[in-house]
Amino acid sequence: MYVPTFPRQVSSHEISIVFRSHSIIQASKLKITLAETLKPLVPVEDLQFGQTMTDHMMVATYDPINGWSAPEIKPYGPLTLDPASSCFQYCPNVFEGMKAYMGPDGKARLFRPQLNMARMEMSAARVALPLFNSSALLTLIKKLVAIERRWIPTAKGCSLYIRPTIIGTRAALGVAASDHATLYILCSPTGPYFRSPPPSLSLPTQKPNKTVSLLAVSENVRSWPGGTGGFKLGLNYAPGFAVQKVAAEKGYAQVLWLLPEVGEGGKVEMKVTEAGAMNFFVVVKRDDGGMDVITPPLDGTILPGLTRASVLSLCRAHTSSPSSSPSLPSLPPSLNLHIHERPLTMTQLLSYSSSGTLLEAFGVGTAVIVAPIGKIGYQEEGKVGETVIELPVWESEGGLGVVGEALWERIVGIQEGRVEWEGWSVVCE
Ligand SMILES: *Cc1c(COP(=O)(O)O)cnc(C)c1O
C-alpha cells in the first residue's frame, strides 16, 4: 500500500489518513488535447506575477464511486461547476506554489518538488479532501511543464510558476467533508518578483524601490495554535486582505503578522510569525564577529516553506562545510552563522534595532525567493504614532544584505541547474 510521507515539521496526530485504491491517480492514462492556436508569449519585462496563463492546464476529477478520473491536459479555459459546490461555501481548497526554471543547458527543472507534493497531501488531509498519490501528480506536472516549455523565461531569476490546486466539489449544502473534488494545475510565467528586471532588458524607467516595507499587525492574526496556518489552504488568505488594504493605505507593501502571547508575569508579548505570504528571517550581529540567523519555529502557526527549509540548510552547511566546497560561496568562509529556529518577539526586534545589531530582515518563499525588508512599522502599546524600525540600506543589486544576497544567488544557481546541491534540482524530461 502507498504510504504518504510528510515533512517532519507538520504535526499530523489528529489527521487520520485512509488511503484506498481509488485514491490512485493513474498518470499512465493521461489524455492530451493540445490547443489549436497558441497564445503569443509575453515579454518578461511585462510579466506581472500570476496574471498571464499558459496555453494548457491539467485537470482530473474525483468521485466516491470511481475515484480519480483519467487526468487530462487540455487547452486552458473555464471549469464548469455546480453552484452548490462546497469549494464556494466551506472552502475545502488546497494549493501549492512551485516553479520550473530553464537552465543554461536548455533543460527545465523543478526545485525540491517532492516537498511540495508532501505538503499538498498534508493540506488535503487537513480539510478531508480525497487523497491522491502525489508521485503521479509530480509525473503530470513534469508532463505539463514539458508541453509548456516555450513559456519558461530564460533570463536569470525568471521562471514558470506552477499552481497545483484541489477544490471540493460536493454539490450539496450540508456542512460536511467534500467527497468530490477537482484537481487542476495552472502555469504562469513570472519575472523576478520584487527585483529589478534582468540587466539585459533595459527599461526606460528608473530602478523600482527594491525593499519591502511591512506594517506589523496584531489585531487580526493570520494563524493561531491549533489552526490551519501551517497548511497551504485557500481559507488562510482571504481574512488577511482587509488588513493588507489598511497596510497599503498607510504606504506599506505587506503585513508583518504578529501573534500575541502571554509571557512571563502576565505580560503580553507579540510574536513575529510571517511577512505577507513569506517566511520571515532576521540576521543579527554578534559580539564574537559571527551572525545570528533567526526565524520562528514550525509550531503549527508557521507555513513550513520549502524556501525556509532550504535557507536553513544552506546556512547550517556554511558553518559546517569545508572552505573548499562552501554552501554560500559569496560569504567569507570565516564568517560563522548561528542558526536559530526560535520565537522572535517585537520587543527583541526593537532592541536589536536600537542597539544597532539588526543587520538584515528578509522574507522567503517560492515566488520571491529572498526579498529584502527595508522597514517595519509598529504601533507600540501606549505610544502615539507608529514606531518605525529602519533596516540598514544595502547597495547590492537586489537590495539584500550580504547573507540574503548570498542565499538568493545560491538558491537561484541551484534552481537553474548551474550548481548541483544535494539533488534539490529535478530535471523535467
Ligand atoms: C507558500 C507560503 C510560504 C512560502 O513557502 P515556499 O514553500 O517557500 O514557497 C510562506 N508563507 C506562507 C503563508 C505561504 O503561503
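**Notebook: the ligand and its pocket**

I began with the elements around the ligand, and found that strand S13 (278-285) and helix H5 (306-320) each supply at least two residues of the shell around it. I note here that the model is predicted, and I keep that in mind for every entry below.

Next I looked up which residues of this shell come nearest to the ligand: of the 14 residues around it, these are Lys-232, Tyr-237, Glu-274, Thr-307 and Thr-366. Sorting the shell by character, I obtained five nonpolar, five polar and four charged residues.

I then turned to individual contacts with oxygen atoms of the ligand. For Lys-232, an N or O atom in the side chain is 2.7 Å from an oxygen atom of the ligand, and for Arg-119 a polar side-chain atom lies 2.8 Å from a ligand oxygen. With Leu-306 the partner belongs to the backbone, where an N or O atom lies 2.8 Å from an oxygen atom of the ligand. I also checked how far the ligand is covered: taken alone it exposes 380 Å², and the protein buries 96% of that.

Where does the ligand sit with respect to the pockets? I found that the space taken by the ligand is the largest pocket.

For this pocket I noted a volume of about 1,000 Å³. I recorded 44 residues that line the largest pocket, and the closest to its centre are Phe-95, Lys-232, Tyr-237, Gly-276 and Ala-277. Lys-232 and Tyr-237 therefore appear in my notes both here and among the residues that come nearest to the ligand.

Which elements give two or more residues to the lining? I listed strand S5 (93-95), strand S8 (159-168), helix H4 (241-249), strand S11 (254-262), S13, H5 and strand S16 (358-365). Of these, S8 gives the most to the lining of the largest pocket, with four residues.

As a last entry I divided the lining of the largest pocket by character, and wrote down 23 nonpolar, 15 polar and six charged residues.

Methods. Residues numbered from 1 in each chain as written. Predicted model: local features only at pLDDT ≥ 70, side-chain atom pairs only at ≥ 80, totals over all residues. Heavy atoms only, no water. Near = heavy atom within 4 Å. Polar contact = N/O pair within 3.5 Å; in protein donor to acceptor, adjacent residues only side chain to side chain. Areas by Shrake-Rupley, 256 points an atom, 1.4 Å probe, with all protein chains shown as cover. 1 Å grid on protein atoms, 1.4 Å probe; cavity = no way out; pocket = protein on both sides within 12 Å on 5 of 7 lines; lining within 4 Å. Sits in = over half its atoms within 2 Å of the grid points. Nonpolar A, V, L, I, M, F, W, Y, C, P; charged D, E, K, R; others polar. Points joined across faces, edges and corners; volume = space filled by probe spheres on them.
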